[in-house]
Amino acid sequence: MKIDLTGHTAVITGGTSGIGLATANLFLEAGANVAICGRDRPRLEAATQTLPDGPTLAVQCDVLDKKNVADFAAQVTAAFGGVDTLINNAGQARVSNYENTTDEAWREELDLKFFGILNPSKAFQPALEKSDNAAIVCTSSLLARQPEPHLVATAAARAGQLSLAHSMARELAAKNIRVNSILIGVVESAQWSRRYEALPEGKPAYDVWLKQQAEIKGVPLGRFGTPEEAAQALFFLGTPLSSYTTGSTIDLSGGVSRHVG
Ligand code: NDP
């Protein structure tokens, strides 16, 4: 199936690597205008070099900084005239358990998971309200439904975030803005290569280590997902392909989810 998104504008927060970058690729390949953001300028410039030709805007922006996000929204609407899809993807996980998570770490994690969605969603809402195909999609985690003790704060925050996305879907339906989430298990990305780099000497090769991690986590499909696989789900939920879907989730855990419904 081919979808022509000429004239459609997609905004992807955290679009400089991994899942966000793969999503930017898909939207550009479909003919959309694409705006990405990230905090680090060199990473932003490097990402732009890898994207296919097409109308692209890359803006340095921390999604936790309201002023940054307002400037980003103003630049996108000035460049492309409107916004149809907002992918709230920026973020990372925090490895810590109940005993060793400080109050400050709890606050940082809750801040990232809630305001990482609230700030962009509010800043882009006026533009989304003018679109006939408005969609917000959140990159979330299976941890929201299936917590892991070594990711205690991330899991709790993801559960709250999923609740938030569901409430937003109900409220914004009246404005014709759909809101959905994807729930990721493990997807190969910069998050995982950073964890690998931090391991001491004597570690196996990266691909062998990833395979071992998939085994340890008991992924029924036996491997990590690829950023492209996650991007396809974000693309589906962010375009009219899913025009009758809101307040919903797509599981991308390779079978790790133990939930029936
Ligand atoms: P990457 O580290 O490859 O990508 C994360 C992106 O988010 C980068 O572009 C990063 O750029 C950006 N980012 C992080 N914090 C901010 C911020 N405050 N403001 C703006 N941009 C930010 O990892 P993934 O592709 O894996 O991560 C994408 C999303 O998927 C994240 O929300 C992550 O938590 C979630 N996820 C991933 C899983 C996985 O297994 N990969 C599992 C569950 C959830 P920069 O650092 O330059 O700002």
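The legends below describe four close-up views of a predicted model.

**View 1. Two cysteines, Cys37 and Cys61, whose sulfur atoms do not form a bond.** The cysteine sulfur closest to that of Cys37 belongs to Cys61, and the two atoms are 4.2 Å apart, which is too far for a bond, because a disulfide requires a pair of cysteine sulfur atoms within 2.5 Å. By this rule, the count for the model comes to 0 disulfides. Cys138 is likewise in no disulfide, since its nearest cysteine sulfur, that of Cys37, is 14 Å away. Cys37 is buried, with a relative accessible area of 1%, and Cys138 is also buried, with a relative accessible area of 1%.

**View 2. The packing of helix α3 against helix α4.** Helix α3, which covers residues 66–80, packs against helix α4, which covers residues 103–129, at an angle of about 30°, and their axes are 9 Å apart. This angle makes α3 roughly parallel to α4, because angles under 35 degrees count as roughly parallel. Where α3 passes α4, the crossing is right-handed. On the α3 side the contact involves Lys66, Val69, Phe72, Ala73, Val76 and Thr77, and these meet Asn119, Pro120, Ala123, Phe124 and Ala127 in α4. Sorted by character, the residues of this contact between α3 and α4 comprise 8 nonpolar, 2 polar and 1 charged.

**View 3. The crossing of helix α1 and helix α8.** The axes of helix α1 (residues 18–29) and helix α8 (residues 227–238) come within 8 Å and cross at roughly 55°, and the two helices are therefore oblique to each other. The crossing of α1 and α8 is right-handed. From α1, the residues that make the contact are Gly18, Ile19, Ala22, Thr23, Leu26 and Phe27, while α8 contributes Pro227, Glu228, Ala230, Ala231, Gln232, Leu234, Phe235 and Gly238. In the contact of α1 with α8, the residues divide into 9 nonpolar, 4 polar and 1 charged.

**View 4. Asn89, a buried residue in a loop.** Asn89 lies in the loop that runs between strand β4 (85–88) and helix α4. With a relative accessible area of 13%, Asn89 is buried, because the word applies to values under 20%. If residues up to four places away in sequence are not counted, Asn89 touches Thr13, Gly14, Ile19, Gly20 and Thr139. One of these, Ile19, also appears in the previous view, where it belongs to the α1 side of the contact with α8.

How values were computed. Residues are numbered from 1 along each chain as its sequence is written. This is a predicted model: local features need pLDDT of at least 70, side-chain atom pairs count only at pLDDT 80 or more; totals for chains, interfaces and linings use all residues. Side-chain values use heavy atoms; hydrogens and water are left out. Buried means under 20% relative accessible area, exposed over 50%, partly exposed in between (1.4 Å probe, protein chains only). Axes are lines fitted to C-alpha atoms, for helices over the stretch in contact, and angles run from 0 to 180 degrees between N-to-C directions. Helices (H or I, at least four residues) and strands (E, at least two) are DSSP runs, numbered from the N terminus. Angles under 35 degrees count as roughly parallel, over 145 as roughly antiparallel, 65 to 115 as roughly perpendicular and the rest as oblique. A crossing is left-handed if the near helix is turned anticlockwise from the far one by less than a right angle, and right-handed if clockwise. Contact means heavy atoms within 4.5 Å. Ala, Val, Leu, Ile, Met, Phe, Trp, Tyr, Cys and Pro count as nonpolar, Asp, Glu, Lys and Arg as charged, and the others, Gly among them, as polar.
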